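Work through the exercises below with the structure open beside you. Try each task before reading its solution.

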Amino acid sequence: FFRVLPFELPCVGSSHFLFRGKCGFVRAGGFSGALRTVCGMPKSGGDGERRAFLVAEHPQLGVLVLQARKKSKGVHFQLPGGRVDPEEVEAVGLDNAFLAAAARELFEETAIDVREQLDRLLPLDLGQGQVELGGRRYFRLHLRDSDACPAGTLGACLPISGESFALRLSSEHTGFRFVRGGYPAVAAVVELHSGGWNSAALRRIAAAPPPSLASAARPEGFQGPHTIGVEDGPAVPGQRNTSKSEGNLPGTCPEAGCGSCCTAM
């Protein structure tokens, strides 16, 4: 018989998946069996690094995703987030370090500043109480209109999906949009991000009981970064995206940098 090992188990010698693209190999009949190919799995996240990601969801607009361009992937969309610094883990513990990383990366990538409002970041359940997949944890942020950049913010731009919600993007991103249709729709949009792990996580989250909007308690003794962020203010009303994308994919940018695809504020 063939026994498929769950792909999120820790690697144990040659019995674990040896990922190749979106297919893996598993032992059949235990550790001594022959290898069998199993498809539909994300690429291995076995680089030893931890990552934190945000599902930033506005009740009317949808889920925020960031547009990027890489030579290996072309134009694609990402969830806000990034690496957890080992120094943070040592300083504040693993759980707090994931929270700090999620808030830090969100601010660096979008100028949305919740670094002093960590109670707004709610851990997402991946099913049966599991909160981590492939070294990645996910947090839900209920976006408010006041999270948008105030009018006149230098470098701020509007989404390629056309809503009046301005952000100031990092140099790594060429635009942003909001995705409606629930987590499965978001999973399809970010399929190329983070080796497919984020799409797999979103599908698990969608299958789990819906998260509560109730605020989670801020971790006791949190000692994360304390820096001055952008001023909070209302979304900019009445503005529309006027970017030109002829000759490119719909809503994509010919060049890197927020100013090349978004309406300057």
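The exercises go from the whole chain to single residues, and the model they use is predicted.

**Exercise 1. The overall plan**

Task: Find how many helices and strands the protein has, and in which order they come.

Solution.
- Step 1: Count the elements. The protein has four helices and ten strands.
- Step 2: Read along the sequence. The pattern is β-β-β-β-β-β-α-α-β-β-β-β-α-α.
- Step 3: Add the burial figure. Of the 265 residues in the protein, 48% are buried.

**Exercise 2. The partners of β4**

Task: Work out which strands pair with β4, and in which sense.

Solution.
- Step 1: Take β5, residues 74–78. Five bridges link β4 and β5, and the sense is antiparallel.
- Step 2: Look at the connection. Three residues lie between β4 and β5, and the two strands form a hairpin.
- Step 3: Pick one pair. R69 is opposite V75 of β5.
- Step 4: Take β10. β4 and β10 are antiparallel too, joined by five bridges.
- Step 5: Pick one pair here as well. V65 has R177 of β10 as its bridge partner.

**Exercise 3. The setting of β10**

Task: Decide whether strand β10 is largely enclosed or largely open, and say why.

Solution.
- Step 1: Locate the strand. β10 covers residues 175–179.
- Step 2: Count its buried residues. Four of the five are buried.
- Step 3: Conclude. Because of that count, β10 is largely enclosed by the rest of the structure.

**Exercise 4. Helix α2**

Task: Compare the span of α2 with the expected value, then judge its surroundings.

Solution.
- Step 1: Take the length. α2 has 17 residues.
- Step 2: Compare the spans. From first C-alpha to last, α2 reaches 24 Å, close to the 24 Å expected at 1.5 Å a residue.
- Step 3: Check burial. In α2, 14 of the 17 residues are buried, so the helix is largely enclosed by the rest of the structure.
- Step 4: Look just past the end. A111 follows α2 and has a positive phi, near 70°.

**Exercise 5. The largest pocket**

Task: Describe the largest pocket by its space, its lining and the elements that supply the lining.

Solution.
- Step 1: Give the space. The largest pocket holds about 470 Å³.
- Step 2: Name the residues nearest the centre. Among the 19 lining residues, these are K70, Q78, G81, R83 and H193.
- Step 3: Sort the lining by character. Ten of its residues are charged, seven are polar and two are nonpolar.
- Step 4: Trace the elements. At least two lining residues come from each of β3 (51–58), β4 (62–70), β6 (81–83) and α2 (94–110).

**Exercise 6. Two arginines**

Task: For R51 and R137, find the strand, the burial and a side-chain contact.

Solution.
- Step 1: Place R51. This residue is in strand β3.
- Step 2: Judge its burial. The relative accessibility of R51 is 10%, so R51 counts as buried.
- Step 3: Find its contact. The side chains of R51 and E49 make a polar contact at 3.4 Å.
- Step 4: Place R137. This residue is in strand β9, residues 136–142.
- Step 5: Judge its burial. R137 has 13% relative accessibility; the limit is under 20%, so R137 is buried.
- Step 6: Find its contact. The side chain of R137 makes a polar contact with that of D95 at 2.7 Å.

**Exercise 7. Positive phi in loops**

Task: Locate Q128 and S194, and say whether each is buried or exposed.

Solution.
- Step 1: Note the angles. Q128 is not a glycine, yet its phi is positive, about 55°. S194 also has a positive phi, near 55°, and is a residue other than glycine.
- Step 2: Place Q128. Its loop runs between β7 and β8.
- Step 3: Place S194. Its loop runs between α3 (183–189) and α4 (197–207).
- Step 4: Judge burial. Q128 is exposed, with 87% relative accessible area. S194 is buried, at 13% relative accessibility.

**Exercise 8. Across the chain**

Task: Find what separation the C-alpha atoms of G127 and I205 have.

Solution.
- Step 1: Place G127. This residue is in the loop between β7 (121–123) and β8 (132–133).
- Step 2: Judge its burial. G127 counts as buried, at 19% relative accessibility.
- Step 3: Give the separation. G127 and I205 are 78 residues apart along the chain, and their C-alpha atoms are separated by 6.7 Å.

Methods. Residues numbered from 1 in each chain as written. Predicted model: local features only at pLDDT ≥ 70, side-chain atom pairs only at ≥ 80, totals over all residues. Heavy atoms only, no water. 1 Å grid on protein atoms, 1.4 Å probe; cavity = no way out; pocket = protein on both sides within 12 Å on 5 of 7 lines; lining within 4 Å. Points joined across faces, edges and corners; volume = space filled by probe spheres on them. Nonpolar A, V, L, I, M, F, W, Y, C, P; charged D, E, K, R; others polar. Buried < 20%, exposed > 50% of the residue type's maximum accessible area, 1.4 Å probe, protein only. Pairing = 2+ DSSP bridges. Expected span 1.5 Å × (residues − 1). Polar contact = N/O pair within 3.5 Å; in protein donor to acceptor, adjacent residues only side chain to side chain.
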